[in-house]
Amino acid sequence: MIAIFLTAILTENFILCQFLGICPFLGVSKKLNTAVGMSVAVIFVMALATAVTYPINQVLVKKDLEYLQTIVFILVIAALVQFVEIVLKKFIPSLYKALGIYLPLITTNCAVLGVVLLNIDKEFNFLQSMVNSIGGGVGFMVAMIMFAGVRERLESCDIPKILKGLPSTLIAASLVSLSFQGFSGVVDGIFG
Amino acid sequence: MAENKKSLRYEFTKGIIKENPVLRLVLGTCPTLATSVSVTNSIGMGIAATIVLICSNIVISALRKVIPSKIRIPAYIVVIASFVTIVQMLVKAFVPALDDALGVYLPLIVVNCIILGRAEAFAGKNSVFASALDGLGMGIGFTFALIVMATVREILGSGTFLDGIDSLTKLFGVTSFTGFHIFSQPIGLMTMAPGGFLVFGLVMALANKVAEGKGKPKAELKGCAACPMAHSCALIDTDASCDNSGRESETE
């Protein structure tokens with residue numbers, strides 16, 4: 001269980017190793033506080049989406065309707081996010097204020113649909129799926145926060161004109177993900 | 001008539017270079033980075049995404065007067081998800097090797113911002129034929145950017161070019177050509193995540209340089225401005241009117 005959790009955070013980090021959720025990674029990581037807000041919302045939605053789609057998938061498998069997975073999951077996630085938004089707005093306005101603006105964005109975040117599909121691919125049971133999703137979300141947060149720090153530095157650097165903006169951001173992301181490559185084998189080394 | 005023809009040609013060609021979805025509009029970065037490991041994967045991904053893009057553009061454009069604007073995003077997503085499922089089944093049936101290579105990224109075409117973005121920005125407002133051309137152009141532009149990146153990454157990272165292409169060409173009865181082997185001690189890092197970010201950054205810098213030479217503004221990250229959900233996102237200063245109201249009334 002701990003192995004799954006650590007693998008999801010370090011060796012199979014969604015952003016830096018699997019290329020899921022790059023849009024928010026590049027778009028929202030400019031400032032530390034927005035990066036944290038977005039990440040918390042992602043962890044929340046990922047856990048929720050996994051909890052809801054797992055039983056649905058069981059039904060689909062039983063009825064031989066696996067080919068409907070993509071359509072059903074994206075609709076369920078979209079409806080879920082909308083529902084959570086309304087519930088939060090009504091009952092926990094303080095949390096809504098903190099997370100609300102990020103929620104609609106997350107519907108089209110490929111990390112959320114990705115984690116749901118990966119859980120099925122890896123044939124995890126319910127508990128393992130939940131651990132994997134939450135670990136993936138935490139990994140997302142780690143990458144976002146680290147990179148927000150890097151980018152705040154990058155802003156004040158003197159870089160060649162054609163590399164300014166997005167290219168330099170991507171090259172910085174390359175170096176950050178290089179550091180994450182160092183974790184490969186660590187989890188297997190400890191638990192294997 | 002002549003003008004009409006010209007504008008149709010513009011809808012087709014703009015996606016390839018001028019408004020290249022990956023390099024100029026910065027859309028669909030996730031599949032770009034993930035599948036540009038080998039040229040074969042890129043071609044497969046490009047074709048799959050192009051088919052989905054054309055079909056969903058045609059259907060959405062044909063239905064644009066029927067779909068109420070308030071629930072258009074969920075409606076678009078259903079149309080796109082249906083075509084993605086069809087393409088996924090076709091790939092599984094005819095090119096299983098590609099299905100293995102692309103893995104989870106094949107169903108993830110659903111959330112590829114290029115497709116929802118084009119539906120929202122173009123197909124929802126224009127005629128069927130123009131939308132089909134727009135989809136084809138954007139799809140070719142996407143494939144082109146993927147192939148450029150994959151060429152660099154595959155040659156440096158695996159020492160091969162077009163490796164495993166026979167899994168695609170055998171659909172046309174050609175199996176003899178299985179790719180070039182260029183050298184045997186490649187830089188494996190280029191096929192991994194850091195290489196992906198690095199090559200993407202450099203290719204984009206090059207695209208900026210070319211665009212600058214033509215006096216065009218360089219590709220800018222407008223946060224998530226290009227993303228179809230941008231309106232409902234308070235991170236950028238757009239009025240939160242259209243999408244938000246649409247999405248809220250969906251569940252009311």
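Two residues are taken to be in contact when heavy atoms of the two lie within 4.5 Å. In this predicted model, Val174(B) offers an easy place to start: leaving aside residues up to four places away in sequence, Val174(B) touches Asp166(B) and Thr169(B). Val174(B) itself sits in the loop of chain B that runs between α8 (166-169) and β2 (180-181). With a relative accessible area of 38%, Val174(B) counts as partly exposed, because that value falls between the limits of 20% for buried and 50% for exposed. Met192(B) is 18 residues from Val174(B) along the chain, and the C-alpha atoms of the two are separated by 30 Å.

From this loop, attention can turn to the place where the chains meet. The size of an interface is often given as the accessible area lost when the parts come together. For chain B and chain A, the area buried is about 4400 Å², and carbon and sulfur atoms give 75% of that area. Helices α2 (29-35), α4 (72-94), α6 (113-123), α9 (193-213) and α10 (242-251) of chain B each supply at least two residues of the side that touches chain A. The most comes from α9(B), with twelve residues. By type, the residues on this side of chain B divide into 34 nonpolar, nine polar and six charged. In total, 49 residues from chain B and 48 residues from chain A take part in the contact. Zero salt bridges are found across the interface of chain B and chain A, while three residue pairs are in polar contact, with both residues at pLDDT 80 or more.

Aromatic rings add a further feature to the picture. Over all chains, the structure holds five aromatic pairs. In the pair of Phe19(A) and Phe197(B), the ring centres are 5.5 Å apart and the planes stand at 65°, so the arrangement is edge-to-face. This pair crosses between chains, linking Phe19(A), in the loop between α1 (2-11) and α2 (22-28) of chain A, to Phe197(B) in helix α9 of chain B. Phe197(B) also pairs with Phe25(A) in a tilted arrangement, 6.4 Å centre to centre with 55° between the planes. Here too the pair joins two chains, because Phe25(A) lies in helix α2 of chain A and Phe197(B) in helix α9 of chain B.

These three rings are buried: the relative accessible area is 5% for Phe19(A), 0% for Phe25(A) and 0% for Phe197(B). Together with Phe147(A), the residues Phe19(A), Phe25(A) and Phe197(B) form one aromatic cluster.

Methods
Residues numbered from 1 in each chain as written. Chains lettered and ligands numbered in written order. Predicted model: local features only at pLDDT ≥ 70, side-chain atom pairs only at ≥ 80, totals over all residues. Heavy atoms only, no water. Helix = DSSP H or I, 4+ residues; strand = E, 2+ residues; numbered from the N terminus. Buried < 20%, exposed > 50% of the residue type's maximum accessible area, 1.4 Å probe, protein only. Buried area = accessible area lost by both parts, 1.4 Å probe. Salt bridge = Lys/Arg side-chain N within 4 Å of Asp/Glu carboxyl O. Polar contact = N/O pair within 3.5 Å; in protein donor to acceptor, adjacent residues only side chain to side chain. Nonpolar A, V, L, I, M, F, W, Y, C, P; charged D, E, K, R; others polar. Phe/Tyr/Trp six-rings, centres within 6.5 Å; stacked < 30°, edge-to-face > 60°.
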